[in-house]
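The exercises below are meant for a reader who is meeting this structure for the first time. Please work through each task before turning to its solution.

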Amino acid sequence: MALTIRVLILLIIMSFVVVQQKGDAQKHQKTEGLLMNCRFDKIYQLGNSLSDTGNCLRESLCGSHSSCRRFPYGMNFFHKVTGRCSDGMLMIDFIARESGLPFLNPFKDRNADFSHGANFAVAGATALSVESLAEKNIAMSFTNSTLSVQLHWMSSHFKSIGSSEEKLKNSLFLVGEIGGNEFNYGLSQGKSIKEVRKMVPEVVQTIIHGVKRVIDFGATRIIIPGNFPIGCVASMLTEFKTNKITAYDEYHCVKDLNSLARFFNHHLQQAIVEMKKKYPNIILIYGDYYNAYLWLLRNAVSLGFDKNSLQKACCGIGGIYNYNTNRTCGAPGVPVCVDPSTHISWDGIHLTQKAYKLLARWLIDDMLPQLNCHV
């Protein structure tokens, strides 16, 4: 009898958890289209491969190194390679569409229409300069188009179109995500987490300096995203694989790597708080990529992801995470999963269109009240 009651109680608790997760997942489906109330006429993006819509592809150095230049990248929406590091659309694409604007063209596409904004992000880019990384013995052979270079492009772009504060008052600016690649490069080149952690204050200050530059251009609404929980990413899980069970959290993410991401995010958030005091008339919003990703993991099954593939790359080969740094997505003989929409990870580093769509939805819901739009 006592056993039957215990089983009954357990079933009730389990059903409550399932219902709660479904509710959590569904509430982010109800506010679609509300970003149009902000009436943004332009969007400007700085960043790395999470938001690059084709700049790297058009750079000789970056384009020759990037696997995103090859099919099957772009297979599920554009049906061709665009330079986006996913099977389809990125978060910035969904944000633009939700704002009622066309996709942002890459700045390097000289024949493109920039009347609705421009994208300056470059895959592989860092916040810190190449020289600053070299001083720390971190090689950067992928691209030289760091945050300062992208800001220079932005400055020259605004000068060429005769832009002014008045013309930018209805624009949305995204400064990042940027600053995560420094840690990725450092860790992959043998730096310890402790060593990489020491870079955080300088990275954050570089980003904040970038935000100040953007304000000087005339920006009044700026989103500054933090980093994902990098310990949940297939490439990092592969690199830091261990038999030590205590090294992983409840989502099977590497604790120490997620701790590094939280440390960076905390410093960035604190810097934004301080910046708000100096610029009370500027809307500065922290983009909470970390908690957005955890929400995705927590609700993955009810959102339609395969519970056995939550940390496996869709496009990849080898190992328990379907990722091999020597045989990445786009290389000859590397397969693609049957249905990318059942995977969070696209290539072991970047995410699928489905994951980006849901993350964009969560982020819009989280940031909308802070944007002071007439909703």
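**Exercise 1. Which residue in strand 5 does Ile222 stand opposite?**

Solution. Keep in mind from the start that the coordinates belong to a predicted model. Begin with the two strands concerned: strand 4, residues 221-225, is joined to strand 5 by five bridges, and the two run parallel. Then look across from Ile222, and the residue standing opposite in strand 5 is Leu284.

**Exercise 2. Find the order of the strands in the open sheet, and explain which of them stand at the edges.**

Solution. Step one is to trace the sheet, which is open, has five strands with parallel pairing, and follows the order 2-1-3-4-5. Step two is to look at the ends of that order: strand 2 (117-119) and strand 5 (283-287) each have a single partner strand, so one side of each is left without a neighbour in the sheet. Step three concerns the twist, for neighbouring strands of this sheet are turned against each other by 20 degrees on average, with direction ignored.

**Exercise 3. Determine which strands are crossed by helix 5 and which by helix 11.**

Solution. Take helix 5 (residues 147-160) to begin with: this helix lies across strand 1 (42-46), strand 2 and strand 3 (171-175), and it runs at about 150 degrees to strand 1. Turn next to helix 11, which lies across strand 4 and strand 5 and runs at about 170 degrees to strand 5.

**Exercise 4. Describe how helix 9 packs against helix 11, and name residues that make the contact.**

Solution. Start from the geometry: helix 9 (residues 200-217) and helix 11 (residues 255-278) pack at an angle of about 40 degrees, their axes being 10 Å apart. The crossing in which helix 9 passes helix 11 is right-handed. Now list the contacting residues, which on helix 9 include Val203, Ile207, Val211 and Lys212, and on helix 11 include Phe263, Phe264, His267 and Met275. Sorting the full set by class gives 13 nonpolar residues, one polar and one charged.

**Exercise 5. Work out what kinds of residue line the two largest cavities.**

Solution. A general idea helps here: rolling a probe the size of a water molecule over the atoms shows where empty space is left. The structure holds five cavities of 30 Å³ or more, and the largest contains about 50 Å³ of space. Among the residues lining this largest cavity are Leu35, Ile95, Leu172 and Met367, and helix 13 (residues 353-367) provides the largest share of the lining, three residues. By class, this lining has nine nonpolar residues, no polar and no charged ones.

The second largest cavity, with about 40 Å³ of space, has a lining that includes Gln45, Ser51, Ile95 and Tyr289. Its largest share, three residues, comes from helix 3 (residues 91-98), and the lining divides into six nonpolar, three polar and no charged residues.

**Exercise 6. Which residues lie nearest the centre of the largest pocket, and which helix supplies the largest share of its lining?**

Solution. The largest pocket holds about 1,100 Å³ of space and is lined by 41 residues, of which Asn181, Asn184, Tyr185, Tyr323 and Ile349 lie nearest its centre. Helix 7 (180-188) and helix 10 (234-239) each supply at least two lining residues, and the largest share, five residues, comes from helix 7. Sorted by class, the lining has 18 nonpolar, 19 polar and four charged residues.

Notes. Residues are numbered from 1 along each chain as its sequence is written. This is a predicted model: local features need pLDDT of at least 70, side-chain atom pairs count only at pLDDT 80 or more; totals for chains, interfaces and linings use all residues. Side-chain values use heavy atoms; hydrogens and water are left out. Axes are lines fitted to C-alpha atoms, for helices over the stretch in contact, and angles run from 0 to 180 degrees between N-to-C directions. Helices (H or I, at least four residues) and strands (E, at least two) are DSSP runs, numbered from the N terminus. A crossing is left-handed if the near helix is turned anticlockwise from the far one by less than a right angle, and right-handed if clockwise. Contact means heavy atoms within 4.5 Å. Ala, Val, Leu, Ile, Met, Phe, Trp, Tyr, Cys and Pro count as nonpolar, Asp, Glu, Lys and Arg as charged, and the others, Gly among them, as polar. Two strands pair if DSSP finds at least two bridges between them. On a 1 Å grid over the protein atoms alone, a cavity is a set of points where a 1.4 Å probe fits but cannot get out, and a pocket is an open set with protein on both sides within 12 Å along at least five of seven lines; lining residues have an atom within 4 Å of a point. Grid points are joined across faces, edges and corners, and a volume is the space filled by probe spheres set on the points.
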